[in-house]
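Trainee: Could you walk me through how to read a few local features in a model like this one?
Mentor: Gladly; let's have it in front of us.

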Amino acid sequence: MTTPRPAHHSDGSGPVPPPGCPAHGAGTEGLQRLYGPEAEGDAQALYEVLRQKYGSVAPVLLHGDLPAWLVLGHRENLEVMRNPSRFSRDSRNWRMFREGRVTADSPLRPMIEWQPICVFADGADHVRLRGAVTDSLARFDRRGIRRYVVRYTNQLIDAFAATGEADLISQYAEKLPMLVMTQLLGMPEGYGPRLVDAAQDLMRGSETAMTSNEFVVETLRTLAERKRSEPGHDFASWLIGHESNLTENEVMEHLRLVLVAANETTVNLIGNTLRMVLTDRRFRLNLTGGQMTLPDALEQVLWDAPPLSAIPGRWAIGDTELGGRRIAAGDMLLLGLAAGNADPEIRPDLSAPVHGNRSHLAFSSGPHECPGREIGRAIADTGIDTLLARLRDLRLAVHEGELQTHPAWLSERLDSLPVQFKPEQGRAAAPPRLGAAPPAAAGRTPAPQETRPARTPWWRSLFRTRS
């Protein structure tokens, strides 16, 4: 279900990367850049080259040729994630900030610069801030979330169901999570399209990342101001009213965190899962033959193609050692989620299924494990299930080799997923227009039963797709 692993040699020798290979994107002192077209061309291949050369922890360069460590080993990633006493989440510890080497317009700043949020906090501050987020997210009823997903999935499909063709990335995967999240946060749906573009720009770390960040911040600041005077049954209102007494800035920054992180990761999870369904015969047969449920399929994708390939970061509190490398106080460590998931120490055979195994790194681990992981799973699971139930005889419209991805230093987004299917003729009743959202599922009040497509019919059509 993944590409074969390159040959490894304990002495660091091995095949020389061909011209154009990511490994040729070296910067100062011969260290590998993790940005630019060469480095972003094939991230997984680059990780394997670095693993072969350095082992489980590799020295790399980030934007502006700033030094960092990329953690490649599964065990080493967990060691960093689970030891806040050695590896802090407070980016103010980074030597590059202290030495003034991070320029004002650096694309690293929106993702790395310290903010008053749980992601950059340790100890008691982290407990207080994260508690506000997790308690507020826990107030959503999973069935209520699924109602949103089913409704918006059907509305998105209605726009192309009669044509018999669609791009499941631009017309579906890139829109669904933001539509759901705007409702969960209590935002008007009209914000969705621009927020999608801004969130993508932030994750790419492009030259306009700072401008995109400003748009997201201002949008959420306006939302928070409105919810203080007009609270509702939504995440923003619950965050504002939480007993942790978050400041205005803390509320706004946590809204930004949840919106951007949830959208990017869920878009990628949906796209990567649909791609595997349509292109990987073994994956498809395991799913259709009953050896793997759709939730199992999502976990397999979280192993093989995690939504984020890497996340920044941790900062060494003092001089320490990791994976045989001497890490100096103030050094940054970049968590290599995709590389750790493919670590030969835990997965010597990448083609072996990992059904029911949730020990992947896709949602991180330790005190900073993703608090919204179950919401992301619910959106992806329900959205894919509903879409596959609606689109009969679904098949890829191009050869698998023509599919392209848009790589970035933190993620790899599938550009498009063109498909063909049997056109849908005349639905009995059109669903409500976009904007006529169901009431938010507050507390644990049971939601009225939503009519959902059966889980079994859609898979039969997969036997007629191209292998």
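We will go through a helix, a side chain, some aromatic pairs and charges over rings.

Mentor: Keep in mind that this model is predicted.

Trainee: Let me start with helix H8: how many of its residues are buried?
Mentor: Helix H8 spans residues 176-185, and ten of its ten residues are buried, so we call it mostly covered, with buried meaning under 20% relative accessible area. Among them are Leu-176, Pro-177 and Met-178, and the polar residues Thr-182 and Gln-183 are on the list too.

Trainee: Which residue follows H8, and what is the sign of its phi?
Mentor: Gly-186 comes next, and its phi is positive, near 90°.

Trainee: Now a single side chain. Where is Asn-341, and is Asn-341 buried or exposed?
Mentor: Asn-341 belongs to helix H15, residues 337-341. Its relative accessibility is 0%, so Asn-341 counts as buried.

Trainee: What does the side chain of Asn-341 have as a polar partner?
Mentor: One of its polar side-chain atoms lies 2.9 Å from the backbone nitrogen of Leu-361. Setting aside neighbours within four places in sequence, Asn-341 also touches other residues, including Leu-302, Trp-303, Pro-306 and Arg-347. His-360 and Ala-362 are on that contact list as well.

Trainee: How many aromatic pairs are there, and what describes a pair of rings?
Mentor: The structure holds four. A pair of aromatic rings is described by the distance of the centres and the angle of the planes. Take Trp-94 and Phe-97: the ring centres are 5.3 Å apart and the planes stand at 85°, which makes the pair edge-to-face. Trp-94 is buried at 1% relative accessible area, whereas Phe-97, at 22%, is partly exposed.

Trainee: And what kind of pair do Tyr-148 and Tyr-152 form?
Mentor: Their planes are at 5° and their centres 6.3 Å apart, so this pair is stacked. Each of the two tyrosines is buried: Tyr-148 has a relative accessible area of 1%, and Tyr-152 has 1%.

Trainee: Why do residues four places apart in an α-helix point the same way?
Mentor: An α-helix has 3.6 residues a turn, so residues three or four places apart point the same way. Here, Tyr-148 and Tyr-152 both lie in helix H6, residues 142-158, four residues apart, about one turn.

Trainee: Last feature: which rings have an arginine over them?
Mentor: The charged end of Arg-89 sits over the ring of Phe-120, 5.2 Å from its centre. Arg-92 lies over the face of Trp-114, at 4.0 Å from the ring centre.

Terms used. Residues are numbered from 1 along each chain as its sequence is written. This is a predicted model: local features need pLDDT of at least 70, side-chain atom pairs count only at pLDDT 80 or more; totals for chains, interfaces and linings use all residues. Side-chain values use heavy atoms; hydrogens and water are left out. Buried means under 20% relative accessible area, exposed over 50%, partly exposed in between (1.4 Å probe, protein chains only). Helices (H or I, at least four residues) and strands (E, at least two) are DSSP runs, numbered from the N terminus. A polar contact is a pair of N or O atoms within 3.5 Å; within protein, one must be able to donate a hydrogen and the other to accept it, and residues adjacent in sequence count only if both atoms are side-chain atoms. Contact means heavy atoms within 4.5 Å. Rings of Phe, Tyr and Trp (its six-membered ring) pair if their centres lie within 6.5 Å; planes under 30 degrees apart count as stacked, over 60 as edge-to-face and the rest as tilted. A charge sits over a ring if NZ of Lys or CZ of Arg is within 6 Å of the ring centre and within 35 degrees of the ring normal.
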